[in-house]
Amino acid sequence: MAFFHQICRGFSSSAVRAVVIKHVTIIGGGQMGSGIAQVAASTGHSVTLVDTSEDILKKSVKTIEGSLRRVVKKKFADKPEAGEEYVQKVLKNVSTSSDAGSAAQGTDLVLEAIVENLQVKQDLFSHLDKLAPAHTIFASNTSSLSISDIASSTSRLDRFGGLHFFNPVPMMKLVEVCGTSATSQETFDSLMNFSKELGKTPVSCKDTPGFIVNRLLVPYILEAYHLHERGHGSKEDVDIAMKLGAGYPMGPFELSDYIGLDTIKFILDGWRVMDPNNPSFAPSELLNKLVAEGKLGKKTGEGFYKYK
Ligand SMILES: C[C@H](O)CC(=O)SCCNC(=O)CCNC(=O)[C@H](O)C(C)(C)COP(=O)(O)OP(=O)(O)OC[C@H]1O[C@@H](n2cnc3c(N)ncnc32)[C@H](O)[C@@H]1OP(=O)(O)O
Ligand SMILES: NC(=O)c1ccc[n+]([C@@H]2O[C@H](COP(=O)([O-])OP(=O)(O)OC[C@H]3O[C@@H](n4cnc5c(N)ncnc54)[C@H](O)[C@@H]3O)[C@@H](O)[C@H]2O)c1
């Protein structure tokens with residue numbers, strides 16, 4: 001099996017030894033970045049969380065703290081003091097910075113969870129490639145973009161992979177680990193091991209649009225929009241139907257608001273450019289209207305539903 005991976009991924013002369021990831025730099029302190037930071041810090045990793053401003057970072061730390069308190073409410077139900085100690089201990093493992101370049105200088109892994117835009121992700125990694133140590137692995141949490149395309153902005157193709165987490169990160173057990181044809185076996189192994197250290201179950205994916213979960217999930221969500229747009233079911237009824245009839249924890253409209261409608265639109269618009277005639281990626285007027293109005297889901301207080 002290892003030999004198979006070696007053939008598939010190839011070896012570059014600059015391939016590094018498997019990296020034991022102790023320090024992680026996470027770029028983007030939004031829904032995903034703060035969740036990943038929380039889980040990494042909870043499992044004993046030292047984390048630097050980076051975003052564009054101190055104000056956003058304060059909000060990210062508040063989100064982590066709130067989520068940790070939800071965890072300890074259950075984990076330490078009978079021992080609130082031990083729970084508080086745990087929260088403070090985990091928070092000590094998280095530092096913040098608005099300077100990605102300096103944060104990347106002493107780290108084993110740079111994982112980005114910024115906006116779902118190829119050019120913005122490439123610009124970030126191209127900048128950090130010049131500053132991060134040689135052994136540092138770069139990874140993207142992209143939902144839909146090609147890892148090879150993002151990696152092409154750097155000179156460390158063998159030390160670049162996909163690490164795709166699910167929302168809410170503290171609760172969702174899966175991580176999709178994606179190696180490209182240039183990712184070294186050592187890098188792939190490091191990312192698999194890191195995912196396991198976080199208490200997650202990793203699966204290996206090819207560098208194809210949406211990997212496994214989103215390639216199946218996003219067309220299903222879009223089909224729900226079209227069903228509703230044709231007048232064949234209210235949002236509420238579609239959500240109830242999929243929860244009670246198919247056993248999903250959230251219906252497609254609730255889940256869309258949870259993921260973020262901007263993220264879903266970025267995914268669909270990108271895939272439509274790649275495959276314009278595929279009906280699975282046909283535009284939804286309702287989605288486009290909500291995004292244009294800034295109604296991006298739970299994170300803005302309104303999407304398909306209102307949360308205020
Ligand atoms: C698009 C991307 O690329 C890929 C993706 O991420 S696709 C999206 C994948 N995610 C999903 O499909 C999520 C589907 N939804 C679910 O699994 C569940 O609804 C859920 C886990 C989010 C919430 O669970 P549910 O039982 O429905 O509701 P809820 O009562 O809010 O939560 C139950 C408990 O879970 C825990 N919990 C939920 N969210 C949490 C969080 N962010 N942090 C910590 N604990 C949390 C808490 O213990 C909570 O209890 P509490 O309310 O007393 O604190
Ligand atoms: N929302 C989901 O359910 C989900 C699940 C898996 C993967 N993803 C992917 O994760 C990434 C982030 O998604 P999210 O939902 O956390 O988005 P979000 O909007 O909640 O957070 C993005 C954060 O990145 C910051 N940011 C943007 N550009 C930056 C830059 N150049 N440098 C530093 N910070 C920057 C923003 O200020 C914001 O805080 C996207 O690629 C998305 O496709 C999202």
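Start at ligand 1 and select helices α3, α9 (213–229) and α11 (252–259): each of them supplies at least two residues of the shell around the ligand. Bear in mind as you click that this is a predicted model. Of the three, colour α3 first, since that helix gives the largest share of the shell, four residues.

Next, bring up the side chains. The shell holds 18 residues, and S67, R70, S143, P168 and P249 come nearest to ligand 1. Colour the shell by class and you get eleven nonpolar, five polar and two charged residues. Now colour by domain instead: domain 1 (2–205) and domain 2 (215–298) each put at least three residues into the shell.

Zoom in on S67. You'll find this serine in helix α3, which runs over residues 54–75. Is S67 buried or partly exposed? Partly exposed, because its count is 19 C-beta neighbours inside 10 Å, and a residue needs 20 or more to be called buried. Show its contacts beyond four places in sequence and you should see Q38 and P170.

Hop over to S143, which sits in the loop between β5 (137–140) and α7 (147–151). S143 has 25 C-beta neighbours inside 10 Å, so this one counts as buried. Which residues does S143 touch, once neighbours within four places in sequence are set aside? Select E116, N214, T263 and I267.

Keep both serines on screen and add K74. The unreviewed UniProt entry annotates S67, K74 and S143 as "binding site". Those three positions span 77 residues in sequence and the farthest two C-alpha atoms are 30.3 Å apart, so they don't all gather at one spot.

Now select residues 210–307. The unreviewed UniProt entry labels this stretch "domain: 3-hydroxyacyl-CoA dehydrogenase C-terminal". In cartoon view the span is 60% helix and 0% strand, and its end C-alpha atoms lie 28 Å apart.

Finally, zoom out to the whole protein chain, which has 13 helices and eight strands. The radius of gyration is 20 Å, close to the 19 Å that the globule rule gives for 308 residues, so the chain is as compact as a globular protein of that length. Along the principal axes, the C-alpha trace spans about 55 × 55 × 40 Å. Colour by burial and 43% of the 308 residues count as buried. One last view is the contact map: among contacts with a separation of 6 or more, 68% join residues 24 or more positions apart.

Key: Residues numbered from 1 in each chain as written. Chains lettered and ligands numbered in written order. Predicted model: local features only at pLDDT ≥ 70, side-chain atom pairs only at ≥ 80, totals over all residues. UniProt positions renumbered as here; feature names shortened; annotations may be inferred. Rg over C-alpha atoms; globule rule 2.2 N^0.38 Å. Buried ≥ 20, exposed ≤ 12 C-beta atoms within 10 Å, placed from the backbone. Contact = placed C-beta atoms within 7 Å. Near = placed C-beta within 6 Å. Nonpolar A, V, L, I, M, F, W, Y, C, P; charged D, E, K, R; others polar. Domains from an automatic or database assignment.
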